[in-house]
Amino acid sequence: MRPVRQLRPLILAIAMALPLLSSPALYADEPSIFSQMATAQPVWAKHGMVASQEMLASRTGVEILKQGGNAIDAAVAVAFSLAVTLPRAGNIGGGGFMLVHLAKENKTIAIDYREMAPSKAKKDIFLDEKGDAVAKLSREHGLAVGVPGTVMGMSLALEKYGTMTMAQVTAPAIKMAQEGISVSPDLAVSLAGLKRRMSQWPSTAAIFYKADGSDYQVNDMLKQPELAHSLQLIAQKGTKGFYEGETAAKLVEAVQKAGGIMTLEDLKHYKAVEREPVRGQYRGYEVVSMPPPSSGGVHIIEMLNVLQQFPIDKFGHNTAQTIHVMAETMKHAYADRSEYLGDPDYYNVPLKQLTDKDYAQKIASQIALNKTTPSEEIKPGNLAPYESDQTTHFSVVDRWGNAVSNTYTLNFSYGSGLVAKGTGILLNNEMDDFSAKPGSPNGYGLVGGEANSVEGNKRPLSSMSPTIVMKDGKPFLVTGSPGGSRIITTTLQIIMNVIDHGLNIAEASNAARVHHQWLPDELRVETSLNRDTISLLEAKGHKVNVQSAMGSTQSIMVTEQGIFGASDLRHSGSEAVGY
């Protein structure tokens, strides 16, 4: 069978020939698979699709689908594969969030496998004797490591909603770790760029740099036998192969040796949690997303509720008027995020109020179409802490209509940089996502709120926003992105690009992005945004700051004409694969 990409010219040729073969009237209402008006073309598939930030992992997921596995089986296989092939964000030493839609039951479940603070963690854990936050303690230290949740989250998803065994879905990752992967340009550049932080840990340097201390070059083979062994223990023993026994002992030893406080009991008692997704309506579609401790879903729905009050389609795609309204809406949502969001097991998050349509109308009435409202006039409050953008997202759809949207991370690129000796496992630095000192700025000039203060067994706030948009009760758009605090606005823009502006998923993914997070009071835009548009925005009072690319969306659109996928072109190595 020919690959989809080889078939595309054939499909287009047939579509172009049809008017010559018969009366145009016969085909006037027939939707085409690939529109000749489109400025970017998605990948097409009939049965299933995987979109991830790394080519080998995407292909692994599709192979699982071809073997008869469902979307959940494929998603778990992709997650374990990314731990090998995308070590800066793919992981088994971190955590994240998964949305699972089950077609047969018409049910969507949110799985929270976010890391937890060790039980001995205290509010002042990252403060010096003067009461000031010490960034290194929450980033490059044993205290930075939260109790990992990925293995528990994947196991829960697989056992409850998958059809394959842990041994089956981990086999591809084990093979790649044992036999090695060819170093991609993306991997070579990231390892070289982070050598200082990574090499301070001998156990890390031994894996990710050559014996003589030199860097891996493009097309060199990177083998990770210790990681293969850790994965084999998971394959054989399930969660006990990670949270107890040999691996657990090595994880705790590494963390404590680096000054941390994680214990064997912390690992043994970790639990992934199923939560009810947050839901909203936008122009006839249902938006289903991640609830707290992710702040993403709540604020995507809050912003969509506000934007629904405006004729966005009439304003036009990425016009100054549309971007102005979006920016003003973003300010209100991020102001709310700073004050009201935290771990729902420890803090009463006002979900209903934040996603209420009347509240959205109140915000919309405060937005002037011709000028900005300074951030200090919107709402005083405390910003959430800095979040690294080194997260990764993947989306999966199978032939039965099941769908998975998953975002997970180590926090910073390669997490803390610490590999637990003898395990090959990179450990997260997610403790940095807590507010180290509520009400005071950290090293990035940002301050954190009391709702997200450090506490034992608590989960830190996150922006990760795996999202599924439903049309007529079925998955229509499966999406999400890395990008730290910009995840929320990136995911918002994918939804708007498709629903408001009628873009296909490739066009929606490639379009220029903007971001405003209330403080600092600046509108961040990508370099591809039109200069005339920037001038019009500045005339309305926006302080526009052209910044680096935002996000790396991995999205799938399900239509009657087939399944369409798009991997963001902003990062190399990504691939959407279908069959």
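## Ground rule and the smaller sheet

Two strands count as paired here if DSSP finds at least two bridges between them. With that in hand, let's look at this predicted model, starting with an open sheet of three strands in the order β16-β17-β18, where the pairing is mixed. The edges are β16 (514-515) and β18 (544-547), and each of these pairs on one side only.

How many bridges join β16 to β17? Two bridges do the job, and the strands run antiparallel, with β17 covering residues 523-526. That count just meets the rule, because at least two bridges are needed for a pair. For a concrete contact to click on, Val514 has Val525 in β17 as its bridge partner.

## The seven-stranded sheet

Next up is an open sheet of seven strands, ordered β7-β4-β3-β11-β10-β2-β21, with antiparallel pairing. Its edge strands are β7 (273-275) and β21 (575-578), each pairing on one side only. From one strand to the next, the twist averages 15°.

Inside that order, β3 (residues 95-102) and β4 (residues 107-113) are joined by seven bridges in the antiparallel sense. If you want a register marker, Met98 stands opposite Ile111 in β4.

There's a helix to go with this sheet too. Helix α2 (residues 55-66) lies across β2 (49-52), β10 (391-397) and β21. Relative to β2, helix α2 runs at about 160°.

## Aromatic pairs

Ring pairs next: the count comes to six aromatic pairs. One of them is Phe34 with Phe564, an edge-to-face pair at 6.1 Å centre to centre and 90° between the planes.

Why does this pair tie together parts so far apart in sequence? Phe34 sits in the loop between α1 (4-21) and β1 (43-45), while Phe564 belongs to strand β20 (residues 562-567), so the pair links parts that are 530 residues apart in sequence.

## Cavities

Searching the whole structure turns up three cavities of 30 Å³ or more. The largest cavity has a volume of about 80 Å³.

What lines the largest cavity? There are 13 lining residues, and Ala83, Leu227, Gly424, Ile425 and Leu426 lie nearest the centre. Sorted by class, the lining has eight nonpolar and five polar residues, with no charged residues. If you're wondering about Gly424, one of the residues nearest the centre, Gly is counted as polar in this scheme.

Terms used
Residues numbered from 1 in each chain as written. Predicted model: local features only at pLDDT ≥ 70, side-chain atom pairs only at ≥ 80, totals over all residues. Heavy atoms only, no water. Helix = DSSP H or I, 4+ residues; strand = E, 2+ residues; numbered from the N terminus. Axes fitted to C-alpha atoms, helices over the stretch in contact; angles between N-to-C directions. Contact = heavy atoms within 4.5 Å. 1 Å grid on protein atoms, 1.4 Å probe; cavity = no way out; pocket = protein on both sides within 12 Å on 5 of 7 lines; lining within 4 Å. Points joined across faces, edges and corners; volume = space filled by probe spheres on them. Phe/Tyr/Trp six-rings, centres within 6.5 Å; stacked < 30°, edge-to-face > 60°.
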